[in-house]
Amino acid sequence: MPIDGSSVSDQTVCVTGAGGFIASWLVKLLLEKGYTVKGTVRNPDDPKNCHLKDLEGAKERLVLCKADLLDYESLREAIKGCHGVFHTASPVTDDPEQMVEPAVNGTKYIIDAAAEAGVRRVVFTSSIGAVTMNPSRGPDVVVDESCWSDLDFCKITKNWYCYGKTVAEQAAWEMAKEKGVDLVVVNPVLVMGPLLQPTVNASIIHILKYLTGSAKTYANSVQAYVDVRDVALAHVLVYETPSASGRFLCAESVLHRGEVVEILSKFFPEYPIPTKCSDEVKPRAKPYKFSNQKLKDLGLEFITVKQSLYESVKNLQEKGHLPIPTQTEDAALRIPAL
Ligand SMILES: NC(=O)c1ccc[n+]([C@@H]2O[C@H](COP(=O)([O-])OP(=O)(O)OC[C@H]3O[C@@H](n4cnc5c(N)ncnc54)[C@H](OP(=O)(O)O)[C@@H]3O)[C@@H](O)[C@H]2O)c1
């Protein structure tokens, strides 16, 4: 139920970047729940946004609005009349020129427009990139919502995506306070799972590269993972729970790349999945400890990383992004133990 206790059917919410990987699942969930959704896209006629029109309830309750993060008026128009805003749109790139300005100024515009429209709550999709990029964090620290990335470290290491997301989240908190906007933030880790959109986004390439033969080795590093359907649900839970506040780390587990390729090759031995680490000299990187308790307390039961990896690959095959190799009889009969 919406935070003000009104019926979902009376509520209009705006989702920015509606055609994206996470936003598409969020729009789907919001429509299923009965919300009316104004989804912003840069080009409503682009075939890459067509999947949105096929979602259940879209014909009756989805309006696509043309908006760009650098165009305040277009965002203002999309947010006008909305009870809530989910700000998911952002460039996902390490090119500083393409990343920082739209991520930061776009977020400021959203908070400004939300304040002007009297929106009841804004949910901002931040990132683990605004949480963990900090060299002074000790190995035993449990990564949670109190952790922030270090901007100088992001700059020195040229992690412009993490830099942009960190500055954008900081700006969101500052402006929300100044303008009296009720802001809640979700910080997802690397997101995988089935695609609704026809194109492949950056985080799915992280998995795809291990199946196509383009990655010959795997890195000696760790990464936290979560399924896209849980990220969408997390957004709705923090929107609908009146007491939800602050940041919400959205993560299922932290794996070494070696564990990822091992899971993939158990399910899909037909693919040229790397078996060697690119660095066999340094000790194996250790997973960091983290807490996803805040979202669990809201009732979120996370899809396991194994299931998510399995379904990601199946979906890539179904969508034609990954050729299906001729199966051996064994593989065809194998029932995956998720
Ligand atoms: N996927 C992950 O692993 C992950 C993890 C943590 C956080 N996040 C965050 O989650 C959000 C969604 O990510 P995603 O993985 O779903 O990425 P995605 O599929 O690439 O979606 C990003 C969306 O942002 C839109 N966008 C980019 N620049 C824009 C601009 N200048 N004006 C208007 N719209 C713009 C894109 O629109 P176009 O289609 O027009 O380009 C697209 O719809 C982002 O904020 C990202 O930082 C993602």
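Me: What makes up the shell around the ligand, by class?

Reply: This is a predicted model, to start with. By class, the shell holds 13 nonpolar, 9 polar and 3 charged residues. Gly goes with the polar ones in this count.

Me: How do you know which residues surround the ligand, and which are the closest?

Reply: The cut-off is a C-beta atom within 6 Å of the ligand. There are 25 residues around the ligand, and Gly17, Gly20, Phe21, Ser90 and Ser203 are the closest. Two elements, α1 (21–33) and β7, each give two or more residues to that shell. Helix α1 gives the most, with 3 residues.

Me: Why is the protein called as compact as a globular protein of that length?

Reply: First the make-up: the protein has 13 helices and 10 strands. Its radius of gyration is 20 Å, and the globule rule gives 20 Å for 338 residues, so the protein is as compact as a globular protein of that length. Along the principal axes, the C-alpha trace spans about 55 × 45 × 40 Å. As for burial, 44% of the 338 residues are buried.

Me: What share of the contacts between residues at least 6 apart in sequence join residues at least 24 apart?

Reply: That share is 79%. A contact here needs C-beta atoms within 7 Å.

Me: How do you know that the span of helix α12 agrees with what it should be?

Reply: Helix α12 runs over residues 305–318, which is 14 residues. The rule takes 1.5 Å times one less than the number of residues. That gives an expected 20 Å, and the end C-alpha atoms are 20 Å apart, so the two agree.

Me: What puts the buried residues of α12 on the same side?

Reply: The buried ones are Val305, Ser308, Leu309, Ser312, Val313 and Leu316. They cover an arc of only 130° around the axis, and therefore sit on the same side of α12. Those buried residues pack against β7 (190–192), α8 (202–208), β8 (222–227), β10 (253–256) and α10 (257–267). Just after α12 comes Gly320, with a positive phi of about 80°.

Me: Why are Leu75, Ala78 and Ile79 of helix α4 called buried?

Reply: A residue is called buried if 20 or more other C-beta atoms lie within 10 Å of its own. In α4 (residues 72–79), Leu75, Ala78 and Ile79 are buried. Their arc around the axis is only 90°, so they are on the same side of α4. Among the elements covering them are β1 (12–16), β2 (36–41), β3 (62–66), β4 (84–87) and α5 (96–117).

Me: What phi does Gly81 take just after α4?

Reply: Gly81 has a positive phi, about 85°.

Conventions
Residues are numbered from 1 along each chain as its sequence is written. This is a predicted model: local features need pLDDT of at least 70, side-chain atom pairs count only at pLDDT 80 or more; totals for chains, interfaces and linings use all residues. A residue is buried if 20 or more other C-beta atoms lie within 10 Å of its own, exposed if 12 or fewer, and partly exposed in between; C-beta atoms are placed from the backbone. Helices (H or I, at least four residues) and strands (E, at least two) are DSSP runs, numbered from the N terminus. The arc is that of the directions from the helix axis to the C-beta atoms. Two residues are in contact if their C-beta atoms, placed from the backbone, lie within 7 Å. The radius of gyration is taken over C-alpha atoms; the globule rule is 2.2 Å times the number of residues to the power 0.38.
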